[in-house]
Amino acid sequence: MNAPATLLDKIWSAHEIVRRPDGTSLLWVDRHLVHEGSHHAFAKLAEREEKVAEPSLTFCVVDHYAPTRGRNGPMTPQIATMIETLRENAAAHGLTLFDLDDPRQGIVHVIGPEQGLTLPGLLINCGDSHTSTHGAFGALAFGIGATEVAHVLSTQTIWQKKPAAMRITVDGPLGPGVTAKDIALNWIARLGTGGAQGHAVEYAGSTIADLSMEGRMTLCNLSIEGGARFGMVAPDETTITYLKGRPFTPKDDAWTEAVDVWQHLVSDDDAAFDREVFFKAHEIAPTVTWGTSPEQAVPIDSAIPDPSQLADTKADAARGALDYMGLTAGQPIAGTPIDEVFIGSCTNGRIEDLRAAGAVLAGRKAKVPGLVSPGSAMIKAQAEEEGLDRIFSEAGLEWASAGCSMCVAMNGDHVAPGKRCASSTNRNFRGRQGRGARTHLMSPAMVAAAAVTGAIADVRPLLMGRAA
Amino acid sequence: MAGWNTHQGRAVLLPIDHIDTDQLIPARFMSVPRREGYGDYLLHDLRRDHEGELHPDFPLNRVSDASVLVSGHHFGSGSSREAAVYALVDAGIRVVIAPSFGDIFASNAVNNGLLPARIRAEDAALLAELLADNSGLAHIDLEALQIGVNGTHLPFVLDDGWRTKLINGWDDIDLTRQHETNISEFRKSRMQSAPWAQPAGAD
């Protein structure tokens, strides 16, 4: 009889090759996802005159530097060089590349699941902190740095110390207009950006079971913002239905066998977690950030905190954040005028996100300019088939190509200094969307509400009588 | 990468929480090849005005030879960009002392010989006082896991595996090569026991 095991225990032990006396394990990597930022890692490989160990398990995509406006026009030399370098490295090592003109191109954390490269029970690495997204499928997925990328490229393994297990349980139905983004911002605001540090977070409870795969991905994606490198949801029927028939998923007998294995990828009833946290879905409102850290977030119907009312450890950071954001303590967050909006990113650039924004924008005009960048070329095509692109254009927003775009401002799309952006992205850090940019994180529906009102606004009244 | 046991150097206080990797190196500098050096980009938008001139009162701009940085909670949280560590290392920083670190940042740091020394919050406050009163020299002992400032010694926490790596200057790829047989056996058994884990359609 095996001891009761968590989902983390089960996937970890299936990948452990050796464990050193200091407790660090050497783990097998099933999928390695690579993008332009890996130029440092490929340079390390070249220095050592090494080849990629498992080219068939390594997939490259252009996303961070992908031009999302005027894709076929001229690029800056810097961007062109970054993309060309990835092409050269992919060709030199015989790796599959989803290039700019590939109908499968998109943000690495969107296309992995979409192509069926992401599967339950796999260990997935990528040189990007939001790799935690793939945990939505019951995979062990985490971001790594360039030296570690070079290590995975040359050995197909990673050294890692097993984290503690934490379970976040959310129960009950979500209110109208409340999304996975709000669940995430809510728990990060309550526990802090270090709240899950050193832990692998498993999400559980009826609210999570009722989430779509898109919602689970949003939730797992943001786990890193609460300090966790891992976010996970045990696979279920929703997972299996999503994956069936995708290009890289197992076929025929292998599919049957896989589904059989995946059904056991669940924490045992009596498994012990190092930490447990519980939330009630009905207590979660649409949530927006007011500061420069994802934990500096409040429900839409409340006020910007007064630093003097906060704990000493939070007060200085709050003062600095209010200064940078140009906000006044004690004011309601709703009604804060914005200059522009952005919908997209690996957090909220999926079809469900575009539909949610479209439901608010349909027949309405945006009062401020904005950019909508789908998470992948396939999502772009689907959105156009559904007429969502027309809704965005008629509202006055710009419909762009797929990529990381204005989330990280590496492809030339950025928010101007001092300007305030309502954004469906994952980080409101100083300068994240461009030097001096002021970012408010919120769900895509809330971004749409901000667009049509010209201010941070509660999406719920705008959804009355409309399909969410 | 050279290993090290002790380090003595000038310490600079940057008592700010949440210095994330986007601040350590803004994204727009990350396409630069490493050989060109990343030191000038360290905390670029905090250190410099919009014309690129250094703010004279920013702590790091007041000391030219700092090699130890003392900072606040969640240092290096956020993006996995190793360029944040390159910027610190290329600017001459060998040790960062803080009450907590972003996990990926800390791992990246050790891979580049940079020590992420975690101390208790109250010790960080004490350290700030000690450094304000003396020449700003800090002595770091990796064997003893101690930070010495002006005769006062404070403990720091570091993962055992990371300490061994820093002391020996080990390269992970070389270490992993010692397990070549285990890896190839594991690979074979994984391919046999979980054929579904292979990407369909891949060669």
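A polar contact is a pair of N or O atoms within 3.5 Å; within protein, one must be able to donate a hydrogen and the other to accept it, and residues adjacent in sequence count only if both atoms are side-chain atoms. The model is predicted: local features need pLDDT of at least 70, side-chain atom pairs count only at pLDDT 80 or more, and totals for chains, interfaces and linings use all residues. Side-chain values use heavy atoms, with hydrogens and water left out.

**Exercise 1.** Describe the surroundings of B:Asp22.

Solution.
1. Burial: B:Asp22 has a relative accessible area of 4%, which makes this residue buried (under 20%, 1.4 Å probe, protein chains only).
2. Polar contacts: the side chain of B:Asp22 pairs with that of A:Arg432 at 3.1 Å and with that of B:Arg81 at 3.3 Å.
3. Contacts (heavy atoms within 4.5 Å): leaving out residues up to four places away in sequence, B:Asp22 touches A:Arg427, A:Phe429, A:Arg430, A:Arg432, B:Ser79 and B:Arg81.

**Exercise 2.** Characterise the largest cavity by volume and lining.

Solution.
1. A cavity is a set of points on a 1 Å grid over the protein atoms alone where a 1.4 Å probe fits but cannot get out; lining residues have an atom within 4 Å of a point.
2. The volume, the space filled by probe spheres set on the points, is about 460 Å³.
3. Of 38 lining residues, the closest to the centre are A:His35, A:His64, A:Gly127, A:Asp128 and B:Ser80.

Key
Residues numbered from 1 in each chain as written. Chains lettered and ligands numbered in written order. Buried < 20%, exposed > 50% of the residue type's maximum accessible area, 1.4 Å probe, protein only. 1 Å grid on protein atoms, 1.4 Å probe; cavity = no way out; pocket = protein on both sides within 12 Å on 5 of 7 lines; lining within 4 Å.
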